[in-house]
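Please work through the exercises below with the structure at hand, trying each task before reading its solution.

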Amino acid sequence: MIAAFFREIVAALAAIWADKGARSTMLGATLFFSVFFPQPYLAEVVRDMPVAMIDQDGSTLSRELIRRIDASDAVAVTRYAPDMPAARDMFLKREVYGIVVVPPHFERDLLAGRSAPIAAFSDGGYFLLNSVMSSALTNAARSLGAEVQIGRLTATGVDASAAMAVVEPLIVTIVPLFNPTGGYASFVLPAVFVLILQQTLLMGIGNLKAGRRPDGALATFADAIVYVGLYALWAGVVLVLLPWAYNLPRIGDVAVMYAVTLPFLAAVTAMGFAVARLIPTKEGVIFFLVVLGMPLFFLSGVSWPAEAMPAPLHALALAIPSTTAVPALVRVNQMGADLRSVEGAIFTQLALCLAYSLLAVLAGRLRRLAPDARFGSHSV
Amino acid sequence: MARRRHLKAGFRRALLAEVWQIGRRPGLMFMLAPFPLLLFAILAAVFHLGLPRDLPIAVVDQDRTTLSRQIVRMVDATPEVAVAAKATTLGEGRRLLVDGKVYAVVLIPPRTERDVLSGRRPEVVLFYNNQYMTPGSMVARSVGGALGTVAAGISIEARVARGADVESATQAVAPIPVRQSALFNPSLEYVEFLLAAVMPTVLQIFIGASAALSFARDRQGVAGLGRSLNLGGTLFKTVAGKLAPYTLAYIIVLWGADALLFGLMGARFNGSLAFHATYGLLFVLASQMLGAAAALIARDTVSALAAVGVITGPAFGFTGITFPRLSMNDFSAIWADLLPVTHYLQLRTDNVLRAAPLSISMPAFAWLAGLALAYGSVALLLLWRHGRAKPEAA
């Protein structure tokens with residue numbers, strides 16, 4: 001029995017190596033995607049986003065404000081425009097991504113203690129550019145405004161600390177946790193890497209099993225052990241080694257990570273068998289998985305909060321292992337969650353593993369009952 | 001079958017042969033229109049509720065005074081967040097954050113009110129989960145705003161107590177207010193913008209994959225590409241006839257999704273409809289040529305599909321919709337330019353949202369046309385080589 005099982009294990013490994021499609025998805029694609037996918041995000045943060053300035057005041061204080069805006073890391077004042085149509089033209093040509101207007105009498109109003117507003121224009125669709133510009137402007141405006149205010153108060157004889165207490169009676173400190181620099185790669189990649197594991201594993205199983213007559217129980221079990229084992233190694237590469245190579249924050253406990261990863265991989269493997277038995281051709285399986293990648297990413301709730309999705313949709317998405325595994329692994333790896341914190345996700349994965357195993361067995365039975373199906377017509 | 005034999009070789013014969021092939025494959029028919037529309041429905045449902053509201057946060061109120069309760073009320077009153085938990089220690093608040101139950105924790109330390117009254121400038125701290133960046137930064141912005149409002153109120157009171165009138169005190173709290181407005185695409189439409197960009201990116205996968213399947217299948221078939229060429233007569237007619245059914249199906253899906261977006265969901269359309277239709281068609285053609293070229297370069301159907309998957313699957317990151325193109329490395333910038341969807345989305349943004357003059361859109365339009373031509377030439381060249389080299393081989 002044990003010898004037979006061992007032979008099946010060797011056969012499963014040999015099958016991966018022998019099948020070109022399986023070899024390239026389960027061995028090549030995982031690594032390739034992990035290197036290729038991060039490319040656009042490697043800069044992590046926006047630096048020197050070009051902004052056009054319309055300085056209608058031309059005063060010392062307006063120039064000081066512009067200097068402070070330009071001094072921020074995220075924004076660079078690259079162009080000066082005489083008026084709004086000219087600035088708008090630069091914006092449409094994508095020479096600048098934001099426009100700032102300092103209106104006339106800015107300095108006069110500011111020194112007189114009146115409100116001296118500035119105006120900023122950008123494209124509402126680009127979330128990241130907007131928030132980058134917004135914080136650069138707010139910081140510059142706040143620091144200059146506070147200085148002028150304190151100067152006015154001390155000029156009337158108030159001592160400096162009392163002036164501070166009037167201008168800023170309550171200090172509001174905002175602390176970003178887990179991804180302190182707000183890096184985009186740090187935000188997206190930990191979630192994407194988990195999804196890459198799932199998708200390439202499913203594709204690999206599709207390559208090996210789709211359109212083939214289901215094997216016996218022992219062989220199938222040996223296959224599953226091999227896939228989970230192989231991907232447990234990949235999980236180490238993708239979730240531990242790559243974050244280190246890319247300098248992404250990672251504070252999690254590797255043991256807890258595997259406590260989630262192993263049930264997750266088992267659930268994905270079971271799902272892979274079920275999908276391969278339900279979709280009769282390799283091409284069909286691969287296609288199905290390629291187009292599903294992006295919707296699954298949005299459904300995982302990392303980039304778009306689950307609270308903002310319709311509840312029935314999110315409940316339906318729980319049937320996909322990644323929906324719970326992505327946030328659980330991100331919480332473990334990036335936020336340092338412990339075992340107790342991810343219990344729910346582990347149980348969900350085990351339940352999915354069971355459900356997909358049953359589905360795979362059922363689909364296999366149906367397959368055997370329908371001998372006219374075109375088995376093996378796409379074997380390589 | 002009998003009628004088909006009488007047809008002369010040419011566009012119509014290649015087209016009918018392809019339609020017949022599609023008709024025999026229910027899976028292929030499903031991926032032509034029902035599947036992409038289903039995915040669009042799922043994506044639309046994901047973003048359907050618009051910007052998130054009532055995102056859960058926790059407060060740790062260690063002061064328990066009138067002021068601290070006012071702070072909690074002000075924070076809870078912002079539409080974006082809701083105070084879902086009251087923790088007694090910061091450790092407990094942190095636990096809620098790590099468990100993913102809340103996106104932020106507001107800490108009001110002991111003696112906050114007393115310190116404010118005695119001018120000792122106490123500190124209120126907002127910790128937010130920036131690993132979940134989208135909801136995290138929304139929460140940080142609105143809670144930070146609410147805390148700022150509380151601080152401003154205290155500042156106004158202090159000034160009035162010093163003898164200033166309310167009007168000037170109010171102006172003095174925010175000496176340089178920043179009035180942000182959207183030149184185009186007001187911020188509330190962020191969700192629509194995202195959905196409008198995700199859909200073509202998913203569709204590019206479908207379009208490329210269907211073209212790849214069509215050619216790879218013929219190539220792997222018994223008669224090979226030689227038979228396809230015999231049906232079409234000339235190279236060009238073969239490609240046109242084979243791809244026309246898919247062009248039609250996907251242009252209907254693309255415009256159908258737009259009809260839903262601009263009709264049913266009420267998104268604004270500011271630009272030229274004719275131009276929109278033109279670059280839409282060009283986008284479908286360019287994506288098809290990309291898929292056809294990949295199929296003729298790859299060795300078999302599975303590799304062809306994998307190649308299309310590798311090129312079009314991760315495309316969204318390169319389009320610059322989420323992380324801007326201006327911050328990308330050189331490799332990503334070049335790769336992005338080779339993807340039809342990058343230019344299509346830029347044309348869409350320029351035309352639909354910004355109503356930019358045509359001259360602004362010309363470079364992107366030229367790129368898209370250039371890609372269609374380049375990928376098309378590669379496909380034609382390879383088809384000529386494969387069809388000629390072994391006309392009857394498998």
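The model used in these exercises is a predicted one.

**Exercise 1.** Determine which residues of helix 5 of chain B are buried, and how they are arranged around the helix axis.

*Solution.* Begin with the length of the helix: the twelve residues of helix 5 (residues 66-77) of chain B should span 16 Å at 1.5 Å a residue, and this agrees with its end C-alpha atoms, which are 16 Å apart. Next, list the buried residues, which are B:Leu67, B:Ser68, B:Ile71, B:Val72 and B:Val75. Seen down the axis of helix 5 of chain B, these buried residues fall within an arc of 140°, so they line one face of the helix. This spacing fits a general rule: an α-helix has 3.6 residues a turn, so residues three or four places apart point the same way. Then turn to the face directed away from the buried side of helix 5 of chain B, where the exposed residues B:Thr66, B:Arg73 and B:Ala77 are found. Finally, ask what covers the buried residues of this helix; the cover includes strand 1 (55-61), strand 2 (81-87) and helix 8 (133-161) of chain B, among others.

**Exercise 2.** Establish where A:Glu44 lies and whether it is buried or exposed.

*Solution.* First locate A:Glu44, which is in the loop between helix 2 (20-36) and strand 1 (49-55) of chain A. Its phi is near 65°, a positive value in a residue other than glycine, whereas most residues other than glycine have a negative phi. Last, compare its relative accessible area of 16% with the cut-off for buried, under 20%; A:Glu44 is therefore buried.

Technical notes: Residues are numbered from 1 along each chain as its sequence is written. Chains are lettered from A and ligands numbered from 1 in the order in which they are written. This is a predicted model: local features need pLDDT of at least 70, side-chain atom pairs count only at pLDDT 80 or more; totals for chains, interfaces and linings use all residues. Side-chain values use heavy atoms; hydrogens and water are left out. Helices (H or I, at least four residues) and strands (E, at least two) are DSSP runs, numbered from the N terminus. The expected span of a helix is 1.5 Å times one less than its number of residues. Buried means under 20% relative accessible area, exposed over 50%, partly exposed in between (1.4 Å probe, protein chains only). The arc is that of the directions from the helix axis to the C-beta atoms. Contact means heavy atoms within 4.5 Å.
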